[in-house]
Amino acid sequence: MKGILIVTVGLPSSGKTSWVDDFIGENQGKAIDVISSDKIREEVFNDIEDQNHNSEVFDLMKRRTKESLSQGHIAIYEATNISSKRRRALLNELNKYYDKAICLFKYKRVSACQIDNEKRDREVPSNVIDRMYRNFEIPHKNEGFDEIIVDFDEKTNLYLGNKSKGGIGFLKDELLAIETYDDYKRLLYQLGLNQCIDMPQDSKWHTLSLSKHMYFCFRAVREYHWHDINLVIASMLHDISKPNVRTEDKDQKYAHYYGHENASAYDVIDILLRYVRIDIEDILEIAWLIGNHMKLKNNIDKDKFSNIIGYDDYLRLEALDNADNSAK
């Protein structure tokens, strides 16, 4: 007998536990087991904030999840689960125990997570949320999920409903029609990204300003991959959160942008939701491309990486990387 696995993914205070409670309320009578990292910390170590025994906590979570799935139950593996590598490893380990694996991605703007976090009885340190934001990896079916559900907070859902009824937002084709640099700067302003406009990067890797770099990267991708609209949109927005993660070197010579690809991928979801008429599936794909655009710059086994994500997506990332490198 096999069960159904649900893996929650989301920053602290994004609403994962509330979703789980609502799901249980809507599915009364079904066998549902919630395996929560927080509850296990409290149960076993008598401290919900204990971060010193994570290996023991997650080993116990996996053991209990296997037991639940083996009984044909719905097992909800509740934690932040922000690492793609760890999600993939989890699914590989549990694969023989479930018939279906579902990712529940609870999305909330990081600023909203920080605000709601301050209202909690158990407040997560602000710097921890910020660190997770810079390390957050967008979930993808190539990790082994059969389905990815994206769920938003009430305010976002209300906005999306009104936006849909009013036909608000750019069409994707309008984004691709951008020609001049002045047109691109106007677009950034309209998308609420004016902090990117003509921002000096002060980087040993780039001499161009941030907006010029993204513009020329976009033009390079569009020239040869105009038919791949999501890739083109990813190229034009791939570094939008550099202003948010910028840090200065001790000697003030260069600025650094650690985790900018993950932050940009996370933030682009909100930008596209707000300003573009586009499907959630396309938004996730664009965010995933942005979040992985630095991978080929790292010392990785490219053949192995290609096998993991699929050859077609590898070629898309390669195109984005080439354009990124050309726009110095």
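Okay, let's start with the rings: searching the whole structure turns up 13 aromatic pairs. One of them is Tyr215 with Phe218, a tilted pair with 6.5 Å centre to centre and 55 degrees between the planes. Before I go on, keep in mind that this is a predicted model.

So where do those two rings sit? Tyr215 and Phe218 are both in helix α10, residues 210-225, and being three residues apart puts them about one turn of the helix from each other. Tyr215 has a relative accessible area of 5%, so it counts as buried. For Phe218 the relative accessible area is 0%, so that one is buried as well.

Another pair to look at is Phe305 with Tyr314, and this one is edge-to-face, at 6.5 Å centre to centre with 70 degrees between the planes. Again, both Phe305 and Tyr314 are buried.

Then there's a cluster. Which residues make it up? Phe105, Tyr107, Tyr133, Phe136, Phe152 and Tyr266 form one aromatic cluster. And if you like cation-ring geometry, go to Tyr257: the charged end of Lys242 sits over that ring, 5.0 Å from its centre.

Let me zoom out for a minute. The protein chain has 16 helices and seven strands. With 328 residues, you'd want a radius of gyration near 20 Å for a compact globule, and the chain comes out at 21 Å, so the two agree. If you prefer a box, the C-alpha atoms fill roughly 60 × 50 × 45 Å along the principal axes. Of the 328 residues, 50% are buried. On the outside, the accessible surface comes to about 16,500 Å², and carbon and sulfur atoms account for 47% of that. As for contacts, take the ones between residues at least 6 apart in sequence: 73% of those join residues at least 24 apart.

Now a couple of helices. Helix α3, residues 54-70, has 17 residues and spans 24 Å from its first C-alpha to its last, close to the 24 Å expected at 1.5 Å a residue. Which of its residues are buried? In α3 those are Val57, Leu60, Met61, Lys62, Thr65, Ser68 and Leu69, and yes, there is a lysine on that list. Just after α3 you hit Gly72, with a positive phi of about 80 degrees.

Back toward the start of the chain, Phe23 lies in helix α1, residues 16-26. Is Phe23 buried or exposed? Its relative accessible area is 15%, and the cut-off for buried is under 20%, so Phe23 counts as buried. What does Phe23 touch? Leaving out residues up to four places away in sequence, the partners are Ile6, Ile32, Ile74 and Ile76.

Last topic, backbone angles. Most residues other than glycine have a negative phi. That's the reason to flag two spots here. Ser13 has a positive phi of about 70 degrees, although it is not a glycine. Ser13 is in the loop between β1, residues 3-9, and α1, and at 12% relative accessibility Ser13 counts as buried. The other spot is Asp198, also not a glycine, with a positive phi of about 55 degrees. Asp198 sits in the loop between α9, residues 181-190, and α10, and with 38% relative accessibility Asp198 is partly exposed.

And since Asp198's loop leads to α10, that brings us back to the helix where Tyr215 and Phe218 lie. That's my tour, thanks.

Methods:
Residues numbered from 1 in each chain as written. Predicted model: local features only at pLDDT ≥ 70, side-chain atom pairs only at ≥ 80, totals over all residues. Heavy atoms only, no water. Phe/Tyr/Trp six-rings, centres within 6.5 Å; stacked < 30°, edge-to-face > 60°. Helix = DSSP H or I, 4+ residues; strand = E, 2+ residues; numbered from the N terminus. Buried < 20%, exposed > 50% of the residue type's maximum accessible area, 1.4 Å probe, protein only. Lys NZ or Arg CZ within 6 Å of the ring centre and 35° of its normal. Rg over C-alpha atoms; globule rule 2.2 N^0.38 Å. Contact = heavy atoms within 4.5 Å. Areas by Shrake-Rupley, 256 points an atom, 1.4 Å probe, with all protein chains shown as cover. Expected span 1.5 Å × (residues − 1).
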